[in-house]
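This briefing is meant for a reader who is meeting the structure for the first time. Please look through the sequence and the model shown here, and then follow the points below topic by topic.

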Amino acid sequence: MRFFALYVLMPLIMLFPPVIHGQAYGQTRTLNILYTGGVNGELEPCGCSPKTDFGGVARRAGYLAEHRKTLSPYILIDAGNFFDKDTPQGRLKAEAMLKAFSIMKYDTVAFLKMEKEFPYSFFSGLLKKYKIPVISDMPQYRQSISIKRNAFDVNVSVTPMNYQKGKLNILLSDQPISEIKHLKGWDIIILSSGEIFEEPLKANGTIIVSGYPKGERLGILTLQIDSGGEVLEFKHRWQSLGKDIKEDINVRKALKEYDAMVAGLLKDNSKPLAEISYLGVSKCGECHQPFVESWKKTRHAGAFHTLERVGKSADPECIKCHTAGFGEKGGFYSAKTTPRLTNVQCEACHGPGREHLLDFSKPMQPVAEYVCLKCHTKSASPDFNYPVYLEKIKHK
Ligand code: HEC
Ligand code: HEC
Ligand code: HEC
Ligand code: HEC
């Protein structure tokens, strides 16, 4: 029997090593970790430029819904900092974000720096309503959560000491990589510090990834795990969330409700009418009609209509760049109260005109590149090039 094993089996083994290899691998199982982090309140991209038109919760949810089967088994995690600032609009965003998380069925989300700026009382009702499993080092929450998925036993935590033997350990953190990379005991660390790693880093046997800023892409980490729970291999890819992704209709519905509530923020209409430092294009036209004609041919003259077309004409975060003087004394306030100041008008570049009317000899604000850059930012206008753009809007 021993001879048989030695002389017959050994050559067979040597002849067919891939089979033996395959058997060992037969014990391994695949688990996908889908992650976001550092979304910073970006419910959806503004659509200002096709080059930056990526991400958004409606597409993320649509992608998940369509690929649920092929991605399974998976765990869906947000590593924190998905809220914007604690302002009235920030609160509406926070609720819409939680609602979207609940539709996507996030397995856990971390409350880190941005979330901690909101008072606990704001969340207490919402978390129950939307059943969001939160982990945080704030005293009201648990710091770790145990997730069972098929045969996988996963421990997700925000506390560097809380790893557990015998489980797959995932730490969520918004510390910079320099603070994190010496930690031991973690299989995976997901960061929401806003750092971009195109590929995962490896340190101390830990795989370190970081959520793509603003949620423009969904991170997908595919693990090969052996029966002892050890990660043998991993693959990583970014799922781009462009216009081609079909949106989830329930999340879109939540976003529509959000838009309606945001529109309600601009209800107080007594104050902005008090000042008239911005005159509006029809006043300028009384003396500069040819300039008005040339302006009408530029896209600036249709900027407000663009917002109406996409249902965002009452969103302060959009109208600040698609009107004249929003947020300034006597500038645009709302379509109802200041209809004369819709669109990127004369005074958005030349400055408020009241002083000019009192004394024509007083120069208006000189128009140079810095004026354009207030609106033509990297994310809204990635192709901006001053001479090229200037040529297109020059008064002729
Ligand atoms: C920082 C200023 C800024 C903000 C904020 C902003 N926009 Fe824009 N938007 C622009 C600029 C500049 C362009 C033109 C970009 C270009 O062509 O280079 C633009 C273009 C667009 C376009 C494309 C128009 C077309 O017909 O191609 C859409 C749609 C749009 N914005 C919607 C929005 C929405 C919705 C919001 C709010 C969520 C928003 N914008 C917020 C500056 C802004
Ligand atoms: C108050 C914000 C604001 C300022 C200031 C501003 N723009 Fe714009 N610009 C916009 C918006 C918004 C759009 C997109 C309008 C749309 O299509 O809805 C735009 C579109 C344009 C476009 C059309 C882009 C294209 O590819 O056709 C050009 C060109 C342009 N701006 C040039 C300029 C230049 C040059 C300046 C400075 C001298 C300037 N803009 C200042 C907001 C602004
Ligand atoms: C996107 C920014 C922008 C907008 C909007 C804009 N202008 Fe201008 N304007 C300029 C720039 C830049 C110049 C200087 C270069 C030129 O002559 O085209 C200028 C020049 C002028 C001048 C001539 C100044 C001179 O020295 O002769 C007048 C008058 C003027 N604009 C009026 C208007 C009026 C009226 C409107 C609204 C209908 C308007 N502009 C809208 C950027 C703008
Ligand atoms: C009642 C007439 C009148 C109205 C209304 C008026 N302007 Fe003027 N504007 C003038 C006169 C006159 C000059 C000086 C022309 C000159 O010196 O060649 C002038 C000059 C300018 C200049 C070039 C000088 C400079 O300082 O840059 C700009 C730009 C300008 N106006 C923009 C505007 C804008 C924008 C509005 C609307 C907010 C406006 N004007 C409204 C009469 C008017």
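Histidine 395 has a relative accessible area of 41%, and because values from 20% to 50% count as partly exposed, this histidine falls into the partly exposed class. The model is a predicted one, and in it histidine 395 is one of two histidines that coordinate the iron atom of ligand 3. The points below begin with that iron site and go on to a second one, to aromatic rings, to a pocket and to a single tyrosine.

**The iron atom of ligand 3**

- His350 and His395 each coordinate this iron atom through NE2, at 2.0 Å, and the site is octahedral, with angles of 87 to 178° among its six donor atoms.
- The two histidines link distant parts of the chain, since histidine 350 belongs to helix α12 (residues 346-350), while histidine 395 lies 45 residues away in the segment after α15 (386-393).
- Histidine 350, with a relative accessible area of 29%, is partly exposed, and histidine 395, at 41%, is partly exposed as well.

**The iron atom of ligand 1**

- Here the coordinating residues are Cys48, through SG, and His322, through NE2, at 2.2 to 2.3 Å, and the six donor atoms, with angles of 87 to 178° among them, make this site octahedral.
- Cysteine 48 is found in the loop between β1 (29-36) and α3 (57-71), whereas histidine 322 is part of helix α11 (residues 316-322), so the pair ties together parts of the sequence that are 274 residues apart.
- Cysteine 48 is partly exposed, at 35% relative accessibility, whereas histidine 322, with a relative accessible area of 17%, is buried.
- For six octahedral donors the ideal angles at a metal are 90 or 180 degrees.

**Aromatic rings and charges over them**

- The structure holds 20 aromatic pairs, and one of them is the edge-to-face pair of phenylalanine 82 and phenylalanine 83, whose ring centres are 4.7 Å apart and whose planes make an angle of 85°.
- Phenylalanine 82 and phenylalanine 83 are both buried.
- Phenylalanine 384 and tyrosine 386 form a tilted pair, because their planes stand at 45° with the ring centres 6.5 Å apart, and phenylalanine 384 counts as buried at 17% relative accessibility.
- One aromatic cluster includes Phe82 and Phe83, and among its other members are Phe101, Tyr106, Phe111 and Tyr141.
- Arginine 29 lies over the face of phenylalanine 152, at 4.6 Å from the ring centre, and the charged end of lysine 392 sits over the ring of tyrosine 389, 5.6 Å from the centre of that ring.

**The second largest pocket**

- The volume of the second largest pocket is about 310 Å³, and 18 residues line this pocket, with Lys167, Asp187, Gly229, Glu230 and Val231 lying nearest its centre.
- Strand β12 (residues 231-240) contributes four residues to the lining of this pocket, which is the most that any element gives.

**Tyrosine 278**

- Tyrosine 278 is located in the loop between α8 (249-263) and α9 (281-296), and with a relative accessible area of 3% this tyrosine is buried.
- Between tyrosine 278 and isoleucine 188 there are 55 Å in space, taken from C-alpha to C-alpha, and the two are 90 residues apart in sequence.

Note on methods
Residues are numbered from 1 along each chain as its sequence is written. Chains are lettered from A and ligands numbered from 1 in the order in which they are written. This is a predicted model: local features need pLDDT of at least 70, side-chain atom pairs count only at pLDDT 80 or more; totals for chains, interfaces and linings use all residues. Side-chain values use heavy atoms; hydrogens and water are left out. Donors are N, O and S atoms within 2.8 Å of the metal (3.2 Å for Na, K and Ca); water is not among the atoms, so sites may look incomplete. Four donors count as tetrahedral if all angles lie between 85 and 135 degrees; four count as square planar and six as octahedral if opposite donors are over 155 degrees apart and all others between 65 and 115; anything else is irregular. Buried means under 20% relative accessible area, exposed over 50%, partly exposed in between (1.4 Å probe, protein chains only). Rings of Phe, Tyr and Trp (its six-membered ring) pair if their centres lie within 6.5 Å; planes under 30 degrees apart count as stacked, over 60 as edge-to-face and the rest as tilted. A charge sits over a ring if NZ of Lys or CZ of Arg is within 6 Å of the ring centre and within 35 degrees of the ring normal. On a 1 Å grid over the protein atoms alone, a cavity is a set of points where a 1.4 Å probe fits but cannot get out, and a pocket is an open set with protein on both sides within 12 Å along at least five of seven lines; lining residues have an atom within 4 Å of a point. Grid points are joined across faces, edges and corners, and a volume is the space filled by probe spheres set on the points.
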